[in-house]
Every structure is written in structure tokens, then in C-alpha cells.
Amino acid sequence: MRIPIAIFALILFINCENATSEAEANANEPSSTQAKALYNIPYKKLYDSYDNYKESSIKTRRFKQTDIAPLIQRLKAPFKVSKAGASVEGRDIYRVSIGTGPTQVLLWSQMHGDESTATMALMDIFNFFSKNGDEFDEFRQKWQRELTITFIPMLNPDGADRFSRRNALGIDLNRDALRLQSPESQILKKVRDELNADWGFNLHDQSRYYSAGLNPKTATISVLAPAYNYEKEINEVRGNAMKMIGILNNIFQEYIPGQVGRYDDAHEPRAFGDNIQKWGTSTILIECGGQENDPEKQYIRKLNYVALLSAFDAIASKTYTQSDINAYEQIPFNGGSNFYDLIVREAEVQKDGKWYTFDMGFRREEVEYNGNRNYYYKASIAEFGDMSIFYAYDEINAKGYRAIPGKVYPSIVQNISALKQMNIANILAQGYTDVRLRELPKSKKVFPVNIIASNKSASNSIYIYGNPSFVLQKNGQTRYAVVNGFGYDLEEDKDLIKQLVNDF
Ligand SMILES: [Zn+2]
């Protein structure tokens with residue numbers, strides 16, 4: 001399943017250089033000047049000691065207000081905890097603050113209910129401030145002396161409950177900054193105005209299919225200093241946000257080199273980020289995208305933790321003033337939705353008796369169950385044809401291979417235990433991708449063949465937007481199998497297949 005793409009990626013990167021300005025390419029390579037521009041921020045220590053502060057009760061992206069409320073209610077002085085108000089459906093929205101300093105810093109997360117990565121990081125940050133007697137005492141003291149930090153974690157708890165972007169009214173809160181029809185929007189505006197915040201951190205998630213620039217790397221993090229007018233002017237307020245982002249980018253580059261993108265900076269007059277910038281708060285948008293082997297975004301959560309605490313240091317020490325707007329402007333723009341979960345490249349595909357050479361780009365949708373708390377994958381071919389300009393988390397180089405639609409295993413198997421006893425790699429090698437079971441299992445984990453009911457048949461014909469399972473054969477020999485958007489190399493992935501069978 002983990003297809004090595006390093007060599008392939010390198011070739012593409014070389015090909016891409018003409019399309020990327022030199023400045024953009026350089027922004028993704030840590031240099032000595034960048035190393036210097038980190039102003040003694042303890043980001044390395046924060047990164048290395050993260051596990052001591054990580055909130056262990058939250059392990060996945062799908063959690064609800066009832067999961068974080070006890071973590072907030074238990075916070076003791078010097079934290080100040082209050083209810084900022086309630087959502088449309090009456091869920092409490094909390095306001096947590098720490099510090100007594102003159103500089104007001106405001107952070108809000110999960111304005112979009114299904115964008116929870118930063119909320120997890122805020123819980124970790126609460127743990128960080130709850131401790132003492134460690135290597136960070138002097139930093140905590142400095143930050144609390146210089147800053148008053150106010151958090152609104154999970155601004156949209158109704159959306160979080162459904163794991164949906166919008167709130168219970170069906171409103172996108174990030175288009176409600178002017179009309180303020182939703183109580184959640186009113187809360188954010190009220191807190192911002194009350195504090196007259198100097199700094200604002202607008203914390204979101206973005207598609208995991210975005211690339212950073214035109215590079216074959218995902219935009220694991222995207223950043224933006226939103227524009228406060230259509231002319232995209234830069235005043236001191238926005239300039240400070242840009243300078244801060246320059247520092248944060250240098251930190252991110254140490255851990256995810258080349259995987260930071262700059263969000264589209266077109267002015268959106270209805271959005272909070274743009275307006276809060278306009279209202280005089282230096283506003284920084286951080287978007288969490290995709291990272292290889294991190295479907296639950298736990299590594300990106302850690303990067304958020306490191307970045308936000310680092311930002312507190314740069315603000316408290318005023319070192320952001322030494323940063324440069326150019327460092328921001330050199331970050332490549334998000335390159336668009338250029339990534340797929342799996343690309344099968346240059347397979348021979350038969351249509352009406354004729355063979356064609358096509359690429360197939362699979363994306364895997366999350367199908368929710370258990371009150372949105374869990375999900376399983378349902379894949380589809382999202383792009384079909386020449387995909388030479390696109391990238392993927394997994395690749396199969398199928399040049400010279402024929403894609404043969406998967407067959408249904410001839411005999412019906414009693415149950416999952418019986419199926420687990422069978423040699424699954426062997427079943428795939430024979431061209432079978434679907435197995436009928438008399439008793440369907442409860443687990444919805446990834447399994448290397450499709451498990452179907454005993455009275456079902458499979459339709460694996462290969463077409464755009466379908467979800468065909470198939471094998472890739474050369475001279476009648478099967479080398480690869482694709483099942484529900486996951487690719488398996490039957491020579492290299494034998495252990496992986498065994499692992500998936502055992503873990504099911
Ligand atoms: Zn968002």
C-alpha cells in the first residue's frame with residue numbers, strides 16, 4: 001500500500017521548477033538565514049517534550065463538545081474560565097484566558113465543525129499551562145506577564161456534533177462576520193471587541209488534497225494574513241501578521257519541509273479573518289491539511305501546539321518585529337486540489353473490446369456511523385485519463401499492466417473468522433477482490449478484499465466516479481490489486497495484508 005514515490009517525486013519536482021519561481025523554491029529549503037530567524041524561540045524543546053503535555057483523552061479528529069467540556073471545566077487558576085455564550089442548540093461555548101499582560105491575544109478554533117485539529121492542540125496547550133516545575137517555567141512566566149491570551153475552543157459545537165462545516169442553522173459562520181445572524185458569530189465578535197485584541201489566530205482545517213505550490217508535496221499547513229480590502233493593502237496590522245507567519249513558516253519547514261502553502265489571499269468581505277484584520281487585530285489563519293500516514297492529524301496537532309506556543313513567545317518577546325514581510329511572500333500559494341489518495345498510472349483499461357492507457361485517481365470518502373464518531377472509507381475514481389500533472393499519497397506504476405475488474409470469489413464463506421483463515425494475498429492473485437460472507441462482520445476497518453453479503457454480486461467495471469476493485473496483470477500474472485481505493489503490491493505488501501487481516 002505504501003508505494004515508494006520518492007524517486008518519482010524527485011523527477012516531478014525537477015520538472016516543476018520552471019513553473020515555480022526561484023523565491024518559492026527557496027522558501028521551502030531551510031537555509032542558514034532562516035535558521036537564524038527563529039529568535040531563540042524554544043520550538044525544539046516544545047516539539048521534543050510534546051508527549052508530556054498531550055491531552056491523552058482525545059485521540060482522533062471526531063469528538064464533541066461533551067468531550068472537551070470536562071477538560072475545560074477542570075482548569076484551575078491562573079486560568080479564567082467562563083461561558084462566552086451558547087450555540088443555536090444551546091451547547092456551551094467556553095472562553096478560557098490566561099495571563100495578565102497588556103498584549104491581547106485571541107485564538108478561536110473549529111468555527112467549522114468538522115475542522116477539529118487545532119481544538120486538540122488547544123487542549124494540549126491548556127495542559128502545558130497547567131504544569132510547572134519543568135524547563136518551560138521562565139517562558140510561562142514571561143508569556144503570562146506580557147500577554148493576556150484568550151481562547152475560544154470549538155466555536156461551532158453544533159457543527160462539531162454533526163461533524164459538519166456549518167452550524168445548526170446551516171450557516172457558514174465564516175460568511176457571517178457582517179450580518180452576525182448566528183449566536184456563535186456574535187460571540188466571536190463580542191469577545192474580539194471586548195478585548196480589542198492585538199492578535200488573532202483563526203484556526204481551521206483544509207482539504208488534504210491541496211498541494212503546496214506546484215510541488216509534489218501536500219500543503220500540510222497553510223497560512224494566511226487575510227486581506228482587509230480588495231486591494232490587498234498592507235498596513236501595520238496586517239504587516240505584523242505577515243511577519244509572524246514568516247517566523248512560523250521557518251519553524252514548520254524544520255518538520256515538514258516544502259509542505260507549507262499560502263492560502264488564497266483574495267479579500268472575502270463576509271469572512272471573519274478579513275474583518276478581524278480590518279478591525280485592527282493582526283490576524284493569522286492557520287489551516288491544517290493532509291500529512292502522509294496521519295489520517296487522524298495527530299502529527300499536525302503537534303505542529304499546531306508547537307507553532308502557537310512559539311507565536312506566544314515571538315509576541316511576548318516582540319521578536320516578530322525583526323521578521324520580514326518577504327519571508328511571508330516567499331511561501332508558495334496552495335497549488336490547488338492536486339493530490340489523490342491513490343493514483344494508478346498508465347494502466348491498460350479495456351473499453352468495448354479496445355485497450356486504452358489511462359491513469360486512475362482514487363479519493364477515499366469518509367462514511368460516518370456511530371453518531372459521526374467513526375467512519376469507514378468509500379473510494380471512487382475522482383479523475384480518469386492523463387493525470388501526469390497530479391500527485392498521490394500512494395502510487396502504482398502500472399505501465400504495461402492490464403486492469404482486470406475483480407471477480408467474486410466462487411464459494412460463499414461462513415463468517416469473518418473463516419475468511420481470516422484463508423490466504424487473502426492468494427485470493428487477490430487469482431483475480432478475486434470480493435468475497436461473499438453468510439454472516440457480515442461488525443468491524444468496518446480496512447480489509448484487503450471487499451466483504452459482501454452472500455446474496456450480493458459485485459460490479460467492478462472501471463469508469464469515472466465508480467469504485468471498481470481490480471487487479472493489474474502482465475502476461476496473465478497478477479502483481480497488484482486495488483480494493484476500495486487501496487492499492488496492494490502482492491509481492492511487496494504480503495506482511496501488510498497479513499497485518500490488516502489480523503487487525504480486522
Ligand atoms: Zn474552515
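Begin at the boundary between the two domains of this predicted model, where five residues of domain 1 are in contact with five residues of domain 2. On the domain 1 side of that boundary, the residues that touch domain 2 divide into one nonpolar, one polar and three charged. To colour the two parts separately, select 31-202, 219-249 and 261-332 together as domain 1, and 339-503 as domain 2, following the domain assignment of the chain. The C-alpha centres of domain 1 and domain 2 lie 39 Å apart.

Next, select the strands of the open sheet, in which eight strands follow one another in the order β1-β2-β4-β3-β5-β9-β7-β8, with mixed pairing. The edges are taken by β1 (80-86) and β8 (260-262), and because each has a single partner strand, one side of each is left without a neighbour in the sheet. If you look from strand to strand, neighbours in this sheet are turned by 20 degrees against each other on average, direction ignored.

Now select β1 together with β2 (residues 92-98), which run antiparallel and are joined by six bridges. To follow the pairing residue by residue, find S82, whose bridge partner in β2 is R95, and then A86, whose bridge partner in β2 is D92. Between the two strands of this hairpin there are five residues, and in the hairpin G90 takes a positive phi near 85 degrees.

Stay with β2 and add β4 (147-152), since these two strands pair in the antiparallel sense over three bridges. One place to look is I98, which has I149 as its bridge partner in β4. Six of the seven residues of β2 are buried, so this strand is largely enclosed by the rest of the structure.

Helix α6 (residues 117-130) is the next selection: it packs on the sheet and touches β2, β3, β4, β5 (199-205) and β9 (282-288). Seen against β3, the direction of α6 makes about 135 degrees with that of the strand.

End the tour at helix α7 (residues 137-146), and show the side chains of F139, W143 and E146, which are buried. These three cover an arc of only 75 degrees around the axis, which means that they sit on the same side of α7. Turn to the other side of α7, and you will find D137, E138, Q141 and R145, which are exposed. To see what covers the buried residues of α7, add elements including β3 (103-109), β4 and α12 (298-316).

Note on methods:
Residues are numbered from 1 along each chain as its sequence is written. This is a predicted model: local features need pLDDT of at least 70, side-chain atom pairs count only at pLDDT 80 or more; totals for chains, interfaces and linings use all residues. Domain bounds come from an automatic or database domain assignment. Two residues are in contact if their C-beta atoms, placed from the backbone, lie within 7 Å. Ala, Val, Leu, Ile, Met, Phe, Trp, Tyr, Cys and Pro count as nonpolar, Asp, Glu, Lys and Arg as charged, and the others, Gly among them, as polar. A residue is buried if 20 or more other C-beta atoms lie within 10 Å of its own, exposed if 12 or fewer, and partly exposed in between; C-beta atoms are placed from the backbone. Helices (H or I, at least four residues) and strands (E, at least two) are DSSP runs, numbered from the N terminus. The arc is that of the directions from the helix axis to the C-beta atoms. Two strands pair if DSSP finds at least two bridges between them. Axes are lines fitted to C-alpha atoms, for helices over the stretch in contact, and angles run from 0 to 180 degrees between N-to-C directions.
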